[in-house]
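Grab a coffee and work through these exercises with the model open beside you. Try each task before you read its solution.

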Amino acid sequence: MTDVTGLQSRSAAGRDSYDFSVILGGPLFQMFRRAHLSGDALELMHRRIVVIAMFAWLPLLLLSILGGRVWGDAVRISFLKDIEVHLRFLLALPLVVVAELVVHQRMRPLARQFLDRGMISDAARPKFDAAVTSAFRLRNSVAAEVLLIVFVYVFTILYVWPHQAAAIGALNMTTWYALPAGGGADLSAAGWWLFFVGLPMFQFMLMRWYFRLVIWIRFLAAVARCAPRLVPTHPDRAGGLGFLSETAAAFAPLLMAHGVLLAGMIASRIFFRGATLPDFKIELIVVPVFLLLVVLGPLMLFVPHLAQTRRVGMREYGTLAQRYVREFDDKWLRGGAPAGEPLVGSADIQSLADLGNSFEIVRSMRPAPVTKDAVVQLAVMTLVPVAPLALTMIPLNELLKRLLQVVF
């Protein structure tokens with residue numbers, strides 16, 4: 001029955017359904033393949049980065065040149081001075097593309113790991129196969145990506161542009177993409193491309209990522225409902241689920257892209273609106289914490305299973321340990337050892353040590369399949385793009401002087 005279900009799943013997915021990825025699919029992926037910007041496994045990443053980034057950014061440069069706003073004093077914020085737009089399209093957007101390949105490669109063996117480690121019982125196998133197939137179906141949905149495009153344009157027309165126009169009008173700020181006009185703003189040719197081509201494309205790429213995160217969360221929730229069989233003495237101290245932490249760490253480029261967006265926003269307000277870095281301390285705390293919750297939070301679905309596994313393991317291994325140490329005590333301390341059996345070299349001593357190590361592993365099981373290294377790595381990757389803005393508060397020579405004082 002299990003083999004039949006597996007074959008049906010493979011047929012529905014068009015490939016081995018356990019070669020799992022929430023990235024490898026969807027209309028955009030198929031379009032990239034037809035345009036020779038991607039292979040069957042997201043190859044040609046550099047080609048995609050160049051084409052996508054240049055499609056969003058290069059027309060802005062050319063139109064700004066034609067409009068005489070690429071450099072100089074014609075407007076307060078010329079194109080080349082707008083660090084936010086350059087970080088968005090030349091760094092954050094490529095990182096979003098890089099994240100697809102990294103997450104895909106780390107996620108491919110994920111579903112198979114649950115099976116190879118014997119975590120899914122025969123009774124739960126149909127539910128597990130259904131969860132994989134459902135994830136593929138959502139990933140490949142044409143309707144989902146069309147709705148994302150509609151949402152992005154509605155959001156841009158009803159919120160992004162009106163909000164930006166109001167800010168330009170209120171501050172009477174001349175920019176390369178718009179000029180103040182009657183309390184609002186008039187778009188330049190470059191501005192039209194920015195707000196109705198470049199930004200929607202970037203927002204669609206992000207929204208597509210958020211949709212895939214929803215698929216990922218939904219899949220993990222389905223696996224958690226399959227009541228995975230965990231082993232309390234597994235050396236990863238997560239019952240065998242430690243591989244999930246490694247998969248979550250693969251989202252580092254995506255979080256770094258959000259850090260770049262945050263850095264661009266803060267830099268723009270520091271350089272052109274007189275803000276200072278401490279003004280954004282709330283954002284510098286809330287954004288990394290929120291992103292960590294989005295990426296690592298779904299792994300908390302396995303907390304009840306890990307807690308139960310630890311409780312059962314403590315009870316069962318405690319009983320086993322009690323039985324063994326009692327027999328060990330009777331044999332070696334109460335005269336129960338056979339005459340002539342040497343204590344030195346006895347396997348009983350090593351077995352006692354091994355049992356103690358096993359009990360310690362059970363006792364020290366982590367409450368969630370997340371390592372501290374993964375949390376630190378993701379947090380650092382999110383905040384690294386903001387670090388150079390510290391130079392707006394402390395000159396570089398002063399910063400180097402202080403570092404040298406610390407070292408020497």
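**Exercise 1: a tryptophan and its neighbours**

Task: list what Trp-216 touches, leaving out residues up to four places away in sequence.

Solution. Start with the contacts (heavy atoms within 4.5 Å): Trp-216 touches Val-22, Met-107, Leu-110, Leu-244, Thr-247, Phe-251, Val-295 and Leu-299. A quick word on the ground rules: this is a predicted model, where local features need pLDDT of at least 70, side-chain atom pairs count only at pLDDT 80 or more, and totals for chains, interfaces and linings use all residues. Residues are numbered from 1 along each chain as its sequence is written, and side-chain values use heavy atoms, with hydrogens and water left out.

Next, place the residue: Trp-216 is found in helix H8 (helices are DSSP runs of H or I, at least four residues, numbered from the N terminus). Is Trp-216 buried or exposed? Buried, because its relative accessible area is 1% (buried means under 20%, exposed over 50%, partly exposed in between, with a 1.4 Å probe and protein chains only). Last, a distance check: Trp-216 and Arg-310 sit 94 residues apart in sequence and 26 Å apart in space, C-alpha to C-alpha.

**Exercise 2: the core and helix H6**

Task: find which residues touch the most other members of the largest nonpolar core.

Solution. A nonpolar core is a set of buried Ala, Val, Leu, Ile, Met, Phe, Trp, Tyr and Cys residues joined through side-chain atoms within 4.5 Å. The largest one has 102 residues, and Phe-114 and Phe-128 touch the most other members. Helix H8 (residues 189-225) gives this core its largest share, 19 residues. Apart from it there is another core of eleven residues, including Leu-262 and Leu-389.

Now zoom in on Phe-128: beyond four places in sequence, its contacts include Tyr-18, Phe-114, Phe-219 and Cys-226. Phe-128 is one of the buried residues in H6, along with others including Arg-125, Asp-129 and Arg-139. As for geometry, H6 (residues 125-139) has 15 residues and reaches 21 Å from first C-alpha to last, close to the 21 Å expected at 1.5 Å a residue (the expected span is 1.5 Å times one less than the number of residues).

**Exercise 3: salt bridges**

Task: work out how many salt bridges the structure holds, then look at a few.

Solution. The count is ten, where a salt bridge is a side-chain nitrogen of Lys or Arg within 4 Å of a carboxyl oxygen of Asp or Glu.

- Glu-327 and Arg-323 meet at 3.6 Å, N to O. They are four residues apart in helix H12 (residues 303-332), so about one helical turn separates them. Arg-323 is exposed at 56%, while Glu-327 is partly exposed at 47%.
- Lys-331 and Asp-348 meet at 2.8 Å, N to O. This pair links distant parts of the chain, with Lys-331 in helix H12 and Asp-348 in helix H13, 17 residues apart. Lys-331 is partly exposed at 24%, whereas Asp-348 is buried at 18%.
- Arg-363 and Glu-360 meet at 2.6 Å, N to O. Both lie in helix H13, three residues apart, about one turn of the helix. Arg-363 is partly exposed at 41%, and Glu-360 is partly exposed at 33%.

To finish, go beyond pairs: Glu-100, Glu-145, Arg-208 and Arg-212 are linked in a network of salt bridges.

Terms used. Helix = DSSP H or I, 4+ residues; strand = E, 2+ residues; numbered from the N terminus.
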